[in-house]
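Okay, everyone, thanks for coming. Let me put my protein up on the screen, and then we'll walk through a few spots together.

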Amino acid sequence: MSAPGTSTPPSSRPSTASPLGRALPTVRDRDYLLDRSGVIFKVIGDVHPGSHWLGYVKYYPDERGDRTLFGRTYRQNAVVSKAFGILADRPECYVYSPAIGCVITGVPRDDVVIHYSCRQALATLYETPSLLDGSPVSQDLLAVIGWIMDHEADDVIGVTGSFLVGVAGAHSDIDLVCYGPRGYEAAQRMFTERSLIRPYAGETLTRLYLRRAKYMAGSSFDMLLRQESRKLQGLTNGAGAHINCEPLRADGDRTFHDVFAQEVGHISVLARITDHHEGLATPALYGIDVETVIASTIDEAEVFARRITHLRSYLGAYTGAFRQGDTVHLSGRLVHIQGPVGIGGFGIELTPRSATESYLANLAR
């Protein structure tokens, strides 16, 4: 795949003349941002402080990497909390988020050089397929993009991941996003199109389990696969590559714009899902009823448990994974949230901004 700006010398600032990255007015969740140091951040959420775009390091210059971009060797990061270490000598990338209630990572707005829009990337690859390397997985992506265009869903579906920034290879996954209810419905239809995508089944289920288990320790094979079966994912018909689509909130959704969180401690519980409708898009918000406190860093945890009413996660791993009536093992930050009716009160936050704690949500039964 042709990487944007590959002619840029390693010692100079990356060129903004990138076919996949263009100056657009709106930065959306899961877009990517390239900064002056050559670090690529993955945007998290749609609520940002005035000084930063919140996100974590996705690709960064490192001789141990296996990607080439702007004539430099890049390394991929797949673990959100590792961004703290990668940015250890850049304290300006640590910022407090009132919406999440803790210090997290982000890129200063003035440092952004290129904005990679998921929706713009889909349109650009459709118009200029020569940007892809012609590998089987690239051909599969073009077929998927063709379906999206034929069904007039290009305004509500985008391309993210390695194809977004031009570092995809022959063994890359295809990562998509969809926006709002119309995008979710279009993506659901696309994932039932067997000429494009086949579901995980038979021996390939083990492949899916191994892919997810390293991030969801403690979940049984059957429960994890039941949880994963609710997501938009499968294998492409040609290359057999993993393809997934993360549902995001619609443009203009202000569910979390007036939310302020304060961390109280850490808690592990068994909880019953009481409402999943706001959990079908990232950031996911589930109504919960705590049944049992397993562990906690706070005294009188059972008193808090009676007042915990929701679960929130900015990670796609838990979007659409649970349904009303499920019992789930949760381990995360106990936070007090002030916000609109239905969001305020005590909740469990699964957005992993800590390098020392494990934040998990596993289907129990």
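Let's start with R230. Is it buried or exposed? In this predicted model, R230 comes out as buried, because its relative accessible area is 19% and the cut-off for buried is under 20%. So what does R230 pair up with? It forms a salt bridge with D326, and the closest N and O atoms are 2.6 Å apart. Now look at where the two sit: R230 is in the loop between α7 and β12, while D326 is in the loop between β16 (308-313) and β17 (327-338), so this pair ties together parts that are 96 residues apart in sequence. And the partner? D326 counts as buried too, because its relative accessibility is 4%.

Okay, next pair. R211 and D173 have side chains that meet in a salt bridge, at 2.9 Å from N to O. This one also links distant parts of the chain: R211 belongs to helix α6, D173 to the loop between α4 (162-165) and β10 (174-179), and they are 38 residues apart. Here the accessibility values go the other way from R230. R211 counts as partly exposed because its relative accessibility is 23%, and D173 gets that label because it comes in at 22%. Remember, partly exposed is the range between the 20% and 50% cut-offs.

For a third pair, go to R30 and D29. They form a salt bridge with the closest N and O atoms 2.8 Å apart, and both residues are buried. There's a network as well: R28, D46, R119 and D251 are linked by salt bridges. If you search the whole structure, how many salt bridges turn up? The total is 20.

Now for some empty space. The second largest pocket has a volume of about 230 Å³. Which residues are closest to its centre? Out of the 16 that line this pocket, those are P199, Y200, S229, K231 and Q233. As for the elements around it, β11 (197-198), α6 (204-213), α7 (221-228) and β12 (232-236) each supply at least two lining residues. The largest share comes from β12, with three. You've already met α6, by the way: that's the helix that holds R211.

Let's hop over to D111. You'll find it in the loop between β7 (102-108) and β8 (112-116). D111 counts as buried because its relative accessibility is 18%. So who's around it? If we leave aside the neighbours within four places in sequence, D111 is in contact with L34, D35, R36 and R90.

Out on the surface, there's a nonpolar patch made of Y94, Y96 and V103, and together they have about 270 Å² of accessible area. Y94 is part of strand β6 (residues 94-97). It counts as partly exposed because its relative accessibility is 31%.

Last bit, let's zoom out. The protein chain has eight helices and 19 strands. Of its 365 residues, 57% are buried. Among contacts with a separation of 6 or more, 68% are between residues 24 or more positions apart. And the accessible surface of the chain comes to about 15100 Å², with 50% of that belonging to carbon and sulfur atoms.

That's me done, thanks for listening!

Terms used:
Residues numbered from 1 in each chain as written. Predicted model: local features only at pLDDT ≥ 70, side-chain atom pairs only at ≥ 80, totals over all residues. Heavy atoms only, no water. Patch = residues over 30% accessible without salt bridge, like charges linked within 9 Å, V, L, I, M, F, W, Y side chains within 5 Å. Areas by Shrake-Rupley, 256 points an atom, 1.4 Å probe, with all protein chains shown as cover. Salt bridge = Lys/Arg side-chain N within 4 Å of Asp/Glu carboxyl O. Helix = DSSP H or I, 4+ residues; strand = E, 2+ residues; numbered from the N terminus. Buried < 20%, exposed > 50% of the residue type's maximum accessible area, 1.4 Å probe, protein only. Contact = heavy atoms within 4.5 Å. 1 Å grid on protein atoms, 1.4 Å probe; cavity = no way out; pocket = protein on both sides within 12 Å on 5 of 7 lines; lining within 4 Å. Points joined across faces, edges and corners; volume = space filled by probe spheres on them.
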